[in-house]
Amino acid sequence: MSAPTGLLANARAVLVLGLPLVGSHVAQFALHITDTIMLGWYSVTDLAAGALGATVFFVLFTLGSGYGQAVMPMVATAAAAGDDTEVRRATRMGMWLSVAFALLLLPLFLLATPLLGLLGQDPDVARLGGGYLSIIGLGMAPALVAMAVKSYLAALGRTQVVLWATVGGVFVNIGVNWLLIFGNLGFPELGARGAAIASVTVQMVTLAIMLVYATNLRALRHYHLLQRFWRADWSALRQVNALGLPIGGAMLAETGLFGASAIMMGWFGKLSLAAHSIALEVTAVFFMVHLGLASAATVLVGRARGRGDTRAVRDSALAAVMLSLIFAGITVLLYLLFAEPMVGLFLKPDDPERDAIIPVGVSLLMVAALFQLADGGQAMAMGLLRGMQDTRRPMVIAAVSYWLVGLPVAYGLGFVAGLGGVGIWLGLTAGLTAAAGLLHWRFWRNL
């Protein structure tokens, strides 16, 4: 795997690897968007419950997904160095740790209803959200293992299958949602619980496709991915844990901040929470582009590191940052021009609460336009640092930025200063800005 030379050549390399990953991330999040739209068409209460449950699931998923994310730089570096055994060891132990983490979380999902009640949520939202979580918790293990297999395939440049398997999952999700949320064709009408069943179905189907491809493609057979899968490899397990736990911790710091913001928005009532969930869905779609580019940067930097090529590390990083900045500028324009139709897409045209939700959602997207550069910047910096297998200090930086800067500012502006939801989102902006600056400073200083 020779390194491209020149900024444009490196930008092309980022796009060739990154665009399918961008597509897969967008498709992955399209699962949540279809849930949000279809639950919004069903009822606002089920929308709020599903959004709250999905937020809780995603917060916990991000912590466990650190093990799958750790597979990507480890496999990229090992493959560039020609170490097939290390490729297999890292991936297999990433899968092991993913399953163990999911089993540890299962009791928490089963006790979700009383826990949501203790967090001050509306009783109907807590009941429906708890039912949603008790079902979707069963999908945590296949979702985390699929993340590890996707990272393995991405690190080896097999991104197309990741894209198409995820896109296929979107259509499966829409179909099962249509049957179980609304009770079509004689199926039970389950609302938010039907959306949870659809999500678990998609996670299992996606994992099956990934494993079949990874173990049967001729070009990948020499890695023997599942060879003696049941045998523990304690050295590799410790390495994956040492790299993956801080990755998950850093991601938890960010998603935990957004989860806390959902809790605080819930204190303003279910209409504010619904508007918040819609605005988050919109911003998350665009964030998936930055996340895909950051994943490509992780792979390219990891490969350059495996070859011992510092110049290639720098050139790949510059190209990835440039592309992320260009897209951030485009996103700001889209928010300013099309915020109202974006929010309106998630609500039925005849919904009696539509006119109350849309203005709140639009005001939140105006704030989101402010943090596009910071949000993309922190994601890219994280990707670059993961490529260098530098994860412990970035976790600390993320925790400080999001919880000691972002959360206090969000609470202060939202409740003390009386700015409401806009104040909470300004706090999110403050935390993202602090993280982006500090993480980029660490990467470029060390490089």
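## A buried salt bridge between distant parts of the chain

In this predicted model, Asp-233 counts as buried, since its relative accessibility is 15%, below the cut-off of 20%. Arg-89 has a relative accessibility of 17% and therefore also counts as buried. The side chains of these two residues form a salt bridge, with a distance of 2.7 Å from N to O. This contact links distant parts of the chain, as the two residues are 144 residues apart. Arg-89 belongs to helix 3 (residues 84-110), whereas Asp-233 is found in the loop between helix 8 (192-216) and helix 9 (234-266).

## Salt bridges of Asp-315

Asp-315 takes part in a salt bridge with Arg-311, at 3.7 Å from N to O. Both residues lie in helix 11 (residues 310-344), where they are 4 residues apart, or about one turn of the helix. The side chain of Asp-315 also meets that of Arg-314 in a salt bridge, at 3.2 Å from N to O.

The accessibility of these residues may be considered in turn. Asp-315 is buried, with a relative accessible area of 14%. Arg-311, at 56%, is exposed, because the cut-off for this class is over 50%. Arg-314 counts as partly exposed because its relative accessibility is 37%, which falls between the two cut-offs.

## A network and the overall count

Salt bridges with shared partners join four residues into one network: Glu-86, Arg-89, Arg-92 and Asp-233. The pair of Asp-233 and Arg-89 described above thus has both its members in this network. The count for the model comes to 6 salt bridges.

Notes:
Residues are numbered from 1 along each chain as its sequence is written. This is a predicted model: local features need pLDDT of at least 70, side-chain atom pairs count only at pLDDT 80 or more; totals for chains, interfaces and linings use all residues. Side-chain values use heavy atoms; hydrogens and water are left out. Buried means under 20% relative accessible area, exposed over 50%, partly exposed in between (1.4 Å probe, protein chains only).
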